[in-house]
Amino acid sequence: GKIRRFKWEVKYELKSPDCFEKLVITINGQFPGPTIKAQQGDTIIVELKNSFMTENVVVHWHGIRQIGTPWFDGVEGVTQCPILPGEVFTYQFVVDRPGTYMYHSHYGMQRESGLIGMIRVSPPSTEPEPFTYDYDWSLLLTDWYHKGMSEKATGLASIPFKWVGEPQSLMIQGRGRFNCTNNLMTPQRSEAEVCNASHADCSRLVLTVIPGKTYRLRIGSLTSLSALSFQIEGHNLTVVEADGHYVEPFTVRNLFIYSGETYSVLLKADQNPSRNYWITTSIVSRPEKTPPATAVLNYHPNHPRKHPPTPASSNFRPAWNDTRHRLAQSVAIKARKGFLHAPPENSDKVIVLLNTQSKVNGYMRCYDIFAVPSNANATMSDGIYRLKFNSTVDVVLQNANTMSVNNSETHPWHLHGHDFWVLGYGEGKFNESNDPKRYNLVDPIMKNTVAVQPYGWTALRFRADNPGVWAFHCHIESHFFMGMRIVFESGIDRVANLPSSIMGCGQAKR
Ligand code: C2O
Ligand code: CU
C-alpha cells in the first residue's frame, strides 16, 4: 500500500455553521474536517498539531481496527495520554479494509464542538465492489448545540444535575439553519451579533445530479444525542454498505441512522428532472424539538438555488416514537451474499449489560471512578472486562427504564478494535434460554455500532482477537461522559513495545 501523509492543525475558530456564531473546531481551517481518501492496505500518517489555547485533544479513527497499533486508537485515558496545547502527535495506522469510516475527537465531550470527519477506503482494483455507481459523495450528519462543551459537561457533573437538552440544530455536512428570530433558544447576547441568517457558513448544501446517473452517498452520523431519519424527496435509497460491510441490497424511503453508524446508499437520479428536491434529516427516537436539516438535490441544469416546489416539511418521515419501523430496518440489514463471514456457532462468554441510570453519591455522573460508592443502588468499578485472547464473546445489551417514569432511550453502542456480528434484536426482557435459539447465525451483518431500542435488547458476538484495550460505549456523547462505557482488555501480553509518545501523563509518565 501507499503511505498517505497528512499534517493537521486543530484549533477553535468563530464560525456560523447554523447561522449562529460560536467556537467551532477546525482542522486546517475546515469544518467538518477533510475527508481521508485511501485504498485498502495504505498507511495513514497524521501529524496532529494541537493549536487550542487551553484544551487537550486526541483523535479516534472510528471503525478502523488498529490491528497491531492499538496505541493509536485515540481514546484519551485508555490508549494514550492527551495531546497538550502546542504539542504535535503522530498517528500511524493501516486501513486494512474497504468501506466508510469516520474520525472524531475522543476527549471529554469535545467531539460535539466539531472535531469530526470521514474516511473512505476503496478496495484494491482487483476486487471490485459488488455494485456500481457514477459518483461517490460523503455526507456527515450531526446535531449542534450553541453552548460549549465545558458548560454542558459541568451541568452533567453537578448537583442538581443539568441535562444538556435538545440540540439547537441538525446539520448536513456541517451546515444547518437555526431560526435567528426564534428568541426562545437564543442566549442573551444580542441576536444580530451572533446570528446571521445570510452568513455564508450556513448557506444550504446543494448536491447537483445529472439525470439518469447513479450516486453513492456515504452517510455517517456523528450526532451527540440524536438518532436520525434521512430522506430525499421522491427518491428511493438502496442500502449497500453498513460500517464497512456489504449489505444484501434493500430499498428504503427513510434511512435511520444512529450516532457512530455509516451507510452507503445508492441514489438514482430517476425523477422528473425539471425541478429540484429536498434532502432532509430529522430526529427520531426523541420528541422532535429540533427542526430538520435541509439540503437540495439539484437536477442539472436547473438553477441550484431554485427552491423545490414543495415545502421541506412534506418529506415523509415516520413518527419519532415509531420504534417498530426503525427496528424493521435494523432487522433487514443482512450480510451480502458472496461476502458472508459466518460467526462462530457458540460463544465462550456472555456479558449482559443493563442500560439504565443510577445516582452515585447524588451525582448522575460517576465523578470519581475509584471511590467506593456510598449509594447502595449503584456499584462502580474501573469498567475493565478481561477477555481471554481469541475467545468468542456475546454481549446482550438490555435496555431498561431511565430515572424518569415511562422513559427508556435508544443507545447506539460502539466497539473499538473489532467488528461484531449482530445476532438479533428483541422487545422486552431478554430470555436466556429461548432468545439465543433465534439468533441469526447464517447471514448476520458485521458492524462496529449497533442500537438498542427502548425497552428492547440487542445481541452481538465478536472474537477477542485483537490484542489491546478497547473501549465499548454508548456513542451518545453525554451518555458516554456520564459513564456509559466499559473497556475490553485482551491479549495485552501480545502487544509490542508501546511508543513513548503515548505516555506523558499520570502514572504512565517516565
Ligand atoms: Cu466514535 Cu469511542 O467512538
Ligand atoms: Cu446512550
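Which residues of β23 are buried on one side, and which on the other? The views below start there, in a predicted model.

**View 1. Strand β23 is covered on both faces.** H411, W413 and L415 are buried on one side, and P412 and H414 on the other. Here, buried means that 20 or more other C-beta atoms lie within 10 Å of the residue's own, exposed means 12 or fewer, and partly exposed is in between, with C-beta atoms placed from the backbone. Five of the five residues of β23 (residues 411-415) are buried, so the strand is largely enclosed by the rest of the structure. Strands (E, at least two residues) and helices (H or I, at least four) are DSSP runs, numbered from the N terminus.

**View 2. W413 has a bridge partner in β26 and stands opposite a residue of β28.** β23 runs antiparallel to β26 (residues 449-452), joined by four bridges; strands pair if DSSP finds at least two bridges between them. The partner of W413 there is V450. Three bridges, also antiparallel, pair β23 with β28 (residues 468-474), where C474 is opposite W413.

**View 3. Helix α1 has a buried side and exposed residues on the other.** In α1 (residues 149-156), M149, K152 and L156 are buried. They span an arc of only 70 degrees around the axis, which puts them on the same side of α1; the arc is that of the directions from the helix axis to the C-beta atoms. E151 and T154, on the other side, are exposed. The cover over the buried residues includes α4 (477-481), judged by contacts, meaning C-beta atoms, placed from the backbone, within 7 Å.

**View 4. Two cis peptide bonds sit before prolines.** Most peptide bonds are trans. I159 and P160 are joined by a cis bond with omega about -5 degrees, and P160 lies in the loop between α1 and β10 (169-172). From H300 to P301 the bond is cis too, with omega near 5 degrees.

**View 5. Q173 has a positive phi.** Its phi is near 50 degrees, and Q173 sits in the loop between β10 and α2 (191-194). With 19 C-beta neighbours inside 10 Å, Q173 counts as partly exposed.

**Reading the views.** Residues are numbered from 1 along each chain as its sequence is written, while chains are lettered from A and ligands numbered from 1 in the order in which they are written. As this is a predicted model, local features need pLDDT of at least 70 and side-chain atom pairs count only at pLDDT 80 or more, whereas totals for chains, interfaces and linings use all residues. The average pLDDT is 92, on the predictor's 0 to 100 scale of confidence in each residue.

Definitions and conventions:
Contact = placed C-beta atoms within 7 Å.
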